[in-house]
Amino acid sequence: MIKGSMGQTATEKIIAKHTKQSRVTPGEIVSVTVDRVFSHDIFATTVIREFQKIGKPLWRPQDVILIVDHDVPSTSADSGAIYQEMTDFAIKWGLKNFYYGEGVCHQLMPEKGHVGPGEIIIGTDSHTVTYGALGALATGVGSTEMAAIWSSGTIWLKVPETIRVVLSGALQNGVFAKDLILHLIGLLGSDGCTYKALEFDGPGVATLSMDERLTIANMVVEMGAKNGIFPVDDITRAYLSSRYFSDYPDISSDADAQFCRVISLDMSSISPKLSGPKRVDDIHDLQSLAGMTIHQGFIGSCTNGRLEDLRIAARILAGQSVAPFVKLIISPASRSIYLQAMDEGLIKIFLQAGGVVTNPGCGLCFGKLGGVLGAGEVAICSNNRNFPGRLGHPDAHIYLASPASVALSVITGKITSPISFFQGELERS
């Protein structure tokens, strides 16, 4: 670490802005105001009950968001009761931002304009880190902490050290943002960023779309990161232009900011990756496991259920059929993505290929609906976690990969690299 520098990282600037201090330093514990919070149907009722024990009015109801996305439509009387409790609370406090069946929380938050650069967003879900793609400081907390925020609008945060990831080059054809973040997880391990900020920078960032940035930011928590953050550039501004006000602060790191580590990564050197079958940081070059028989493929979740992901899968599946005795489950990340996919004919391609398209939501990633795995099944999936039991039976084998790798694999019935497909597509063009 550089000694004596007075510069601040992007994460430090955002935290300082939300305190009464002009600057903060890593390791310092500070009270910060928050801009927006959300809870989904897995934890919302616990938050509601803890909040009611506090006995104070709800802080800024317009900035408290409730989302029902995990168990939709309800699959049990218990999940139906959760929905009722959430709606009763929303009605009591006049919540304007209540979403049911519209998609995954981590897609809806940015899509609905609830995230902006320089803001602090807190959610009762570890993948809240996704919103760092838009230059926000976003992180997950427990239900009791969220209840305290609901009553006060503040939270205590420990200022994290920052690891800077300098991206150069561009991803080759057949390699995607999912491969990039899996490669980084392989380098750092599941605890390589514990309570640290991960800042992405460098000329390679400009080659990444917003959908790709959201995928990358989504999985920084799989390395233990407190948050991940991207710079605000023309791609960010274009995404925000129709969703968010244009007046937001410059959150770029100072030239003399202190980083605890700097990693330089040439994106052109990355190959298709697989994670699994039991740990996210068990990373393989996909080609090393090519030919392994699979039983199911899943494209969806808050990691890879976006429109670009569906378009890529449809390019591969068009005119093809899912292999015999192989299942393909596709869950669009939001209703608007589903509708756009319908307009573009993507849903028809998936259905004609033999896939099953579910309603927008968490789907299989929740592990209780939408393609739950049985004992011994091998699945290749585009979501973010493959812990034993995460997607069904603890004896299932789950490999995480890009939507392109999933789409090619369900056609062949075995793990298949997308490189040859995309190289051939270029040659045909």
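**A tour from helix 5 outward**

Begin by selecting helix 5, residues 143–152, whose buried residues are Ser143, Met146, Ala147, Ile149, Trp150 and Ser151. The model on the screen is a predicted one.

Next, display what lies over these buried residues. The cover includes strand 2 (36–40), helix 2 (44–54), strand 3 (64–68), helix 3 (77–93), strand 5 (120–123) and strand 7 (154–158). Then step just past the end of helix 5 to Gly153, which takes a positive phi of about 75°.

**Aromatic rings**

Return to Trp150 and add Phe51 to the selection; both residues are buried. The model holds 12 aromatic pairs. In the pair formed by Phe51 and Trp150, the ring centres are 5.7 Å apart and the planes stand at 70°, so the arrangement is edge-to-face. Because Phe51 belongs to helix 2 and Trp150 to helix 5, this pair ties together parts that are 99 residues apart in sequence. Now add Phe89 and Trp93: ring pairs link these two with Phe51 and Trp150 into a cluster.

**Phe38**

Select Phe38, which has its place in strand 2. Is this residue buried or exposed? Phe38 counts as buried, because its relative accessibility is 0%. From Phe38 to Trp150 the C-alpha to C-alpha distance is 9.8 Å, although the two are 112 residues apart in sequence. Leaving aside residues up to four places away in sequence, Phe38 touches a set of residues including Ile65, Ile67, Cys105, His106, Met109, Ile122 and Tyr131. Met146, one of the buried residues of helix 5, is also among the contacts of Phe38.

**The cavity**

Move on to the empty space inside the model. The count comes to 1 cavity of 30 Å³ or more, and the largest cavity holds about 40 Å³ of space. To see its lining, select Thr11, Ile15, Leu137, Leu157, Lys158, Pro160, Tyr195, Lys226 and Asn227. Helix 1 (10–17) and strand 7 are the elements that give two or more residues to this lining. By character, the lining residues divide into 5 nonpolar, 2 polar and 2 charged.

**Charges over rings**

Keep two of the lining residues, Lys158 and Tyr195, in view. The charged end of Lys158 sits over the ring of Tyr195, at 5.7 Å from the ring centre. For the last stop, select Arg243 and Tyr239: Arg243 lies over the face of Tyr239, 3.9 Å from the centre of the ring.

How values were computed
Residues are numbered from 1 along each chain as its sequence is written. This is a predicted model: local features need pLDDT of at least 70, side-chain atom pairs count only at pLDDT 80 or more; totals for chains, interfaces and linings use all residues. Side-chain values use heavy atoms; hydrogens and water are left out. Buried means under 20% relative accessible area, exposed over 50%, partly exposed in between (1.4 Å probe, protein chains only). Helices (H or I, at least four residues) and strands (E, at least two) are DSSP runs, numbered from the N terminus. Contact means heavy atoms within 4.5 Å. On a 1 Å grid over the protein atoms alone, a cavity is a set of points where a 1.4 Å probe fits but cannot get out, and a pocket is an open set with protein on both sides within 12 Å along at least five of seven lines; lining residues have an atom within 4 Å of a point. Grid points are joined across faces, edges and corners, and a volume is the space filled by probe spheres set on the points. Ala, Val, Leu, Ile, Met, Phe, Trp, Tyr, Cys and Pro count as nonpolar, Asp, Glu, Lys and Arg as charged, and the others, Gly among them, as polar. Rings of Phe, Tyr and Trp (its six-membered ring) pair if their centres lie within 6.5 Å; planes under 30 degrees apart count as stacked, over 60 as edge-to-face and the rest as tilted. A charge sits over a ring if NZ of Lys or CZ of Arg is within 6 Å of the ring centre and within 35 degrees of the ring normal.
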